[in-house]
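Reader: I would like to learn how to read the features of a structure like this one, step by step. Could we go through it together, with the general idea before each case?

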Amino acid sequence: MVEYHFPVPGSEREKEIVVFTRRHWVSFLGQFLLSFVILIIPLVIMVIIYLFHFDQRAFQGIAKNFIVLILSAYYLVAITFVFVAWMSFYYNCYIITRQEIIEITQVGFFGREISQLPLLRVQDVTSSINGFLPTLFAYGNVLVETASEQKEPSVLCAVPNPQEIASKIMELHDEVIETEGRHQQILEGEGTLAPGIIGPEKRAIPTDEIQNSEGEISKNDLDKGGEIDIK
Amino acid sequence: MYIFLILWLVFLFAYLIFNVYGLIHVMAKRFRGDAVGLVMLIYIVAMLVIIFGSISIISNLDWGRPLGELFKIR
């Protein structure tokens with residue numbers, strides 16, 4: 001078993017996991033139904049042929065040999081398809097810790113994509129439930145937008161209770177910001193505060209400085225606009 | 001008809017290699033305590049049932065007849 005460098009269920013760092021969720025099983029319903037249909041199609045065809053008394057000589061002689069080989073190969077491929085479909089369901093999961101969002105995606109038999117998004121970079125979280133089945137079974141998407149312009153926003157697809165997960169992500173995001181003391185920098189980054197101004201205590205200008213500068217129009221005052229009293 | 005039998009055996013060989021390689025990969029990337037072990041066991045059993053079932057049926061069939069019989073109009 002490979003050692004993951006992030007918390008996964010069953011690992012020593014399992015305690016760090018705040019939310020562990022898979023895609024809702026209903027989102028895989030199409031794939032499961034397709035697997036089921038693939039498995040029963042040959043049986044259904046045979047039953048139809050026997051019930052409706054079609055030419056049963058098709059199952060005799062050399063054709064029988066041929067059908068056995070084809071059916072054998074067909075069922076081997078079909079069970080592999082079912083197994084891969086189950087793997088996709090089971091290993092498409094999302095792990096949210098106090099530091100990051102980890103998305104694990106199983107691609108076919110061999111491929112597994114793992115993407116990690118630090119919570120500190122999260123800017124906006126949107127949850128959505130669209131359609132009949134998602135509304136009925138309460139699952140939907142959570143869109144996590146980051147500060148990066150190049151990177152596409154992360155989407156937690158078809159997760160159960162998306163609103164709850166979205167609010168949990170924002171809650172953890174706020175916690176991380178508080179812990180890291182990055183609130184001011186983030187406000188600056190968003191343009192809420194002018195860069196360089198660190199806190200309200202440092203914004204206070206000494207009164208004698210104000211008195212000395214009365215009557216002068218500085219470049220900063222002009223940039224600010226509005227009315228300026230000139231003595 | 002032997003040609004189809006040989007093709008089936010080649011397919012079976014390739015299929016088994018693909019599965020052994022795939023299952024080793026899946027085993028390597030497991031989480032501890034997940035349900036993959038059980039499902040993999042079911043998968044392997046199903047695979048073996050199909051393979052041995054096919055072999056037992058195939059061994060009872062006559063493969064010496066010419067291929068042309070398949071397309072003969074009755």
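Author: Gladly; please keep in mind throughout that this is a predicted model. Let us begin where the two chains meet: between chain B and chain A there are 11 residue pairs in polar contact, with both residues at pLDDT 80 or more.

Reader: Which helices of chain B supply at least two residues each of the side that touches chain A?

Author: Helix H1 (2-28), helix H2 (36-59) and helix H3 (68-71) of chain B each do so. H1(B) gives the most to that side, with 15 residues. By residue class, the side of chain B that touches chain A divides into 30 nonpolar, 4 polar and 8 charged residues.

Reader: How many residues are in contact on each side, and what area is buried between the chains?

Author: On the side of chain B 42 residues are in contact with 35 residues of chain A. The area buried between chain B and chain A is about 3600 Å², and carbon and sulfur atoms give 74% of that area.

Reader: With charged residues on that side of chain B, how many salt bridges are counted between the two chains?

Author: The general idea is that side chains of opposite charge can pair when their charged atoms come close. Between chain B and chain A, however, the count is 0 salt bridges, whereas a search of the whole structure finds 3 over all chains.

Reader: Where does the salt bridge of A:Glu175 lead, and which parts of chain A does the pair tie together?

Author: The side chain of A:Glu175 meets that of A:Arg98 in a salt bridge, at 3.1 Å from N to O. Because A:Glu175 lies in helix H4 (residues 162-180) of chain A, and A:Arg98 in the loop between strand E2 (93-97) and strand E3 (100-107) of chain A, the pair ties together parts that are 77 residues apart in sequence. A:Glu175 counts as partly exposed at 35% relative accessibility, and A:Arg98 likewise counts as partly exposed, at 45%.

Reader: How far apart in helix H4 of chain A are A:Lys168 and A:Glu171?

Author: These two residues, A:Lys168 and A:Glu171, are 3 residues apart in helix H4 of chain A, so about one helical turn separates them. Their side chains meet in a salt bridge, at 3.5 Å from N to O. A:Lys168 is partly exposed with a relative accessible area of 27%, and A:Glu171 counts as partly exposed at 41%.

Reader: And are B:Asp34 and B:Arg30 buried or exposed?

Author: Both B:Asp34 and B:Arg30 are buried. They form a salt bridge in which the closest N and O atoms are 3.0 Å apart.

Reader: Turning to the strands of chain A, how many bridges join strand E5 to strand E6, and in which sense do they run, parallel or antiparallel?

Author: As a general idea, in a regular strand the side chains alternate between the two faces of the sheet. Here, strand E5 (residues 122-128) of chain A runs antiparallel to strand E6 (residues 139-146) of chain A, and 6 bridges join them. The bridge partner of A:Thr126 in E6(A) is A:Leu143. E6(A) also pairs in the antiparallel sense with strand E7 (residues 154-160) of chain A, over 5 bridges, and there A:Val142 stands opposite A:Leu156 in E7(A).

Reader: What, finally, describes chain A as a whole?

Author: Chain A has 8 helices and 7 strands, and of its 231 residues 32% count as buried. Among contacts in chain A between residues at least 6 apart in sequence, 50% join residues at least 24 apart.

How values were computed: Residues numbered from 1 in each chain as written. Chains lettered and ligands numbered in written order. Predicted model: local features only at pLDDT ≥ 70, side-chain atom pairs only at ≥ 80, totals over all residues. Heavy atoms only, no water. Contact = heavy atoms within 4.5 Å. Buried area = accessible area lost by both parts, 1.4 Å probe. Salt bridge = Lys/Arg side-chain N within 4 Å of Asp/Glu carboxyl O. Polar contact = N/O pair within 3.5 Å; in protein donor to acceptor, adjacent residues only side chain to side chain. Helix = DSSP H or I, 4+ residues; strand = E, 2+ residues; numbered from the N terminus. Nonpolar A, V, L, I, M, F, W, Y, C, P; charged D, E, K, R; others polar. Buried < 20%, exposed > 50% of the residue type's maximum accessible area, 1.4 Å probe, protein only. Pairing = 2+ DSSP bridges.
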